[in-house]
Structure formats: C-alpha cells, structure tokens
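Me: I should like to understand how the terms used for a protein model are justified. Please take them one at a time and set each value against its cut-off.

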Amino acid sequence: MISTVQVPDFQQAMASFPGGVTAVTTNSVDGPIGIIATAVCSVSAEPPSILVCVHKSASVHDAILDAGYFAVNLLSTRHRELVARFQRQRGAERFEPHLWAPLKTGAPTLAGATLTLDCTLLDTHDGYSHTIIVGAVSATRIHHTADAGCLLWHDRTFALSSPLAA
C-alpha cells in the first residue's frame with residue numbers, strides 16, 4: 001500500500017537533510033540576479049557537471065535560461081549577512097559591486113566564497129514546481145579559510161560544518 005504524504009510532513013522530512021547554503025547567480029537585462037539555494041549537487045566528474053533545482057517562479061529562473069550560464073557560490077559562516085541581504089532586497093540590490101566579479105562565463109561570483117562553480121547551461125528537466133538545471137562546470141575557485149566553515153541549512157536554521165576528530 002502506498003501512503004499519501006502530506007506536504008507539511010514532506011517539508012519537515014526534507015528539513016532534516018542538511019544542505020550547503022549557496023548563492024546561485026547569473027545576469028539579466030537589469031543586472032546581476034540570484035537566489036539563495038540548497039538544492040545543488042554534482043552530476044558527473046567527466047565531464048564536470050552539477051545540477052541546481054530552481055523554482056519556476058524564482059526571479060533567477062528565466063534569467064539563467066536566457067543567459068545560458070550561472071554560478072554556484074558555496075557560502076561560509078561569514079556570509080550570514082549576505083543571506084539576510086538576499087532575503088531583504090531584490091534583483092541587483094542584492095549585489096554589492098566590490099564583492100562580486102565574473103570568472104569565465106560572466107556570471108557574478110562572490111569573492112571569498114568557500115567554493116565557486118562557474119557553469120554554462122547544459123540541459124534542463126521538468127521537476128514539477130522546479131526546473132532541474134544542469135550545468136557544465138567551466139571554472140572553479142576554492143577559498144579555504146581556517147576560521148570559517150561551510151554554512152549549512154539544517155532543521156530550518158543555520159548550522160556549521162566541522163570535521164569529526166579521528
């Protein structure tokens with residue numbers, strides 16, 4: 001027998017999965033645009049590719065499809081104010097120019113992000129309320145800092161990634 005899962009129950013279950021907090025960015029006709037997202041994962045190492053799941057009503061959705069490129073910026077614990085800025089403001093107002101610069105594709109990338117994946121749009125798939133966007137990784141930038149860990153979202157709050165002692 002297949003049980004029917006209620007949306008709130010599913011959402012609570014998914015909140016139990018920790019996810020890295022990222023800023024997914026691209027450019028639109030009005031300037032840089034982006035969202036904070038956790039639905040990001042690798043697809044393949046050969047060729048290097050990732051996927052991001054973006055709600056079809058999100059401001060960045062059509063901009064990624066139109067531009068043909070995007071960046072995924074993995075945030076550190078230092079970037080909680082940036083997340084708040086993305087929540088408070090819209091469009092290009094989210095971007096402080098001195099913090100963002102393009103790598104290879106032209107997508108805005110965050111200076112000091114733990115990891116940046118600069119991607120060209122490879123494919124899309126229907127994911128019901130979301131579009132599954134597959135990107136070929138064109139460039140990477142890794143910024144290790146000893147005093148800041150990867151920012152996680154877990155149980156509807158921020159969490160810190162930290163290595164376990166051996």
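Reply: A salt bridge is a side-chain nitrogen of Lys or Arg within 4 Å of a carboxyl oxygen of Asp or Glu. The model shown is a predicted one, and by this rule the count comes to 3 salt bridges.

Me: What makes Glu81 and Arg88 a salt bridge?

Reply: The closest N and O atoms of Glu81 and Arg88 are 3.0 Å apart. The cut-off is 4 Å, so the pair qualifies as a salt bridge. Arg88 has a relative accessibility of 53%; exposed means over 50%, and Arg88 is therefore called exposed.

Me: How do you know that Lys56 and Asp126 form a salt bridge, and which parts of the chain does the pair tie together?

Reply: Their closest N and O atoms are 2.4 Å apart, and the limit is 4 Å, so the pair counts. Lys56 lies in the loop between strand S5 (48–55) and helix H2 (59–67), while Asp126 belongs to strand S9 (residues 115–127). The pair therefore ties together parts that are 70 residues apart in sequence.

Me: Why is Lys56 called partly exposed, and why is Asp126 called exposed?

Reply: Lys56 has a relative accessible area of 33%. Buried means under 20% and exposed over 50%, so Lys56 falls in between and is partly exposed. Asp126, with 57%, passes the 50% mark and is therefore exposed.

Me: What makes the pair of Glu96 and Arg85 a salt bridge, and is each residue buried or partly exposed?

Reply: The N to O distance between the side chains of Glu96 and Arg85 is 3.4 Å, which is within 4 Å, so the definition is met. Glu96 is in the loop between H3 and S7 and Arg85 in helix H3, 11 residues apart. Glu96 has 27% relative accessibility and counts as partly exposed. Arg85 has 18%, and because buried means under 20%, Arg85 counts as buried.

Me: How do you know that the buried residues of H3 line one face of the helix?

Reply: In helix H3 (residues 80–88), the residues Leu82, Val83, Arg85 and Phe86 are buried. Seen down the axis of H3, these buried residues fall within an arc of 155°, so they line one face. The face turned away from the buried side carries the exposed residues Glu81, Gln87 and Arg88. Among the elements that cover the buried residues are strand S3 (31–37) and strand S7 (100–102).

Me: Why is Ser76 called buried, and which residues does Ser76 touch?

Reply: Ser76 has a relative accessible area of 3%; the cut-off for buried is under 20%, so the term applies. Ser76 is placed in the loop between strand S6 (69–74) and H3. Not counting residues up to four places away in sequence, Ser76 touches Thr114, Ala148, Gly149, Cys150 and Leu151.

Me: How do you know that Cys41 is in no disulfide?

Reply: A search of the whole structure finds 0 disulfides. The nearest cysteine sulfur to that of Cys41 belongs to Cys53 and is 7.0 Å away. A disulfide requires sulfur atoms within 2.5 Å, so this pair does not qualify. Cys41 is partly exposed, with a relative accessible area of 38%, and Cys53, at 25%, is also counted as partly exposed.

Conventions: Residues numbered from 1 in each chain as written. Predicted model: local features only at pLDDT ≥ 70, side-chain atom pairs only at ≥ 80, totals over all residues. Heavy atoms only, no water. Buried < 20%, exposed > 50% of the residue type's maximum accessible area, 1.4 Å probe, protein only. Helix = DSSP H or I, 4+ residues; strand = E, 2+ residues; numbered from the N terminus. Arc of directions from axis to C-beta. Contact = heavy atoms within 4.5 Å.
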